[in-house]
Amino acid sequence: MVVGTGYRSIGEAAFCGNIKLRNLDLNEQVREIQRNAFLNCTSVKKIYMPGVQKIRQNAFSGCVNLQGAELTKKMLVMERNAFSGCKRLTRVQLSRESRQKKIEDETFRECSSLNSVEMPDEIIEIGRNAFYKCTDLESFFFPKSLRKIGEEAFYQAGLQEIELPDDLEEIGPSAFLKCRKLEYVRIPQNLKIIGKWAFHGCDRLKVLEIAHDPEKIGEWIVNRSTHIRCHKGSRMDRYCQENGFQTEYF
């Protein structure tokens, strides 16, 4: 489907449930895709939207055959559940020049084939369940500007290794719960909060390295089989002793 000139918005639920749409070609004048606009359009495979600045809630949710999404530098808002349940979505490219500051809650929830994500350097928060059950997501670049990773943000993701940015301040509860391929994680020095079960269920996680004392540490942040590497006599060391976690010392 080609949307010609003269249109600036795709209305709310405009094509909801339309199973005949296969390719979407939106002209540069289209600035906004409203709520549920393409919800459950199960035949859509490709979208081209060079001028879109706002993608509202559930806009492409349930487009199970959508394979890729390229979002331009004009992007300002991408609301929750925008692409949730797009099970064949393999790549997302959000321009480095985009002004998007947050990956909203559940944006890519259960995009199980997603394996490539590009995002702006200015992202400061990854919301709750943002990449929930993205099981093919083996690597992820965390922007230097990132300050918070929300609850269950990467629950059961396929991450094999992660490099958390130095200025990260908070890892929410269950943020990396059941990331079963992770083997090593270093916690940055500025982190203040590690939520409960943050790395619990990461069966291959051998070492969680924490060289400082976060202000708040939740319960069961790792499995008992994981070693926590910390400074002897530190508050982190006491946490390990009190909760029966194995320790290694710097």
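In strand 17, Leu 208 turns up as the bridge partner of Val 185. That pairing comes from a predicted model, and it makes a handy way into the strands. Val 185 belongs to strand 15, which covers residues 184-187. Strand 15 and strand 17 (residues 207-210) run parallel and are joined by four bridges.

Strand 15 also has a neat pattern in its side chains, which alternate along the strand. Val 185 and Ile 187 point to one face and are buried. Tyr 184 and Arg 186 point to the other face and are not buried. Val 185, then, has a bridge partner in Leu 208 and a buried side chain as well.

Turning to the sheets, one of them is open and built from six strands, in the order 10-12-13-14-16-18, with parallel pairing. Its edges are taken by strand 10 (102-103) and strand 18 (216-217); each has a single partner strand, so one side of each is left without a neighbour in the sheet. Further in, strand 13 (residues 148-149) and strand 14 (residues 170-171) run parallel, with two bridges between them. Here Lys 148 has Glu 170, in strand 14, as its bridge partner.

Another open sheet is made of three strands, in the order 7-9-11, and its pairing is parallel too. Strand 7 (68-71) and strand 11 (116-118) stand at the edges of this sheet, and because each has just a single partner strand, one side of each goes without a neighbour there. Direction ignored, neighbouring strands of this sheet are turned by 5 degrees against each other on average. Strand 7 pairs with strand 9 (residues 91-94) in the parallel sense, over four bridges. Looking at single residues, Gly 68 finds its bridge partner in Arg 91 of strand 9.

Then there are the aromatic rings. The structure holds 16 aromatic pairs. Ring pairs tie a set of phenylalanines into a cluster: Phe 15, Phe 38, Phe 60, Phe 83, Phe 108, Phe 131, Phe 140, Phe 142, Phe 154, Phe 176 and Phe 199.

Rings also come up alongside charged side chains. Arg 109 has its charged end over the ring of Tyr 132, at 4.1 Å from the ring's centre. Arg 224, for its part, lies over the face of Phe 245, and the distance to the ring centre is 6.0 Å.

Definitions and conventions: Residues numbered from 1 in each chain as written. Predicted model: local features only at pLDDT ≥ 70, side-chain atom pairs only at ≥ 80, totals over all residues. Heavy atoms only, no water. Pairing = 2+ DSSP bridges. Axes fitted to C-alpha atoms, helices over the stretch in contact; angles between N-to-C directions. Phe/Tyr/Trp six-rings, centres within 6.5 Å; stacked < 30°, edge-to-face > 60°. Lys NZ or Arg CZ within 6 Å of the ring centre and 35° of its normal. Buried < 20%, exposed > 50% of the residue type's maximum accessible area, 1.4 Å probe, protein only.
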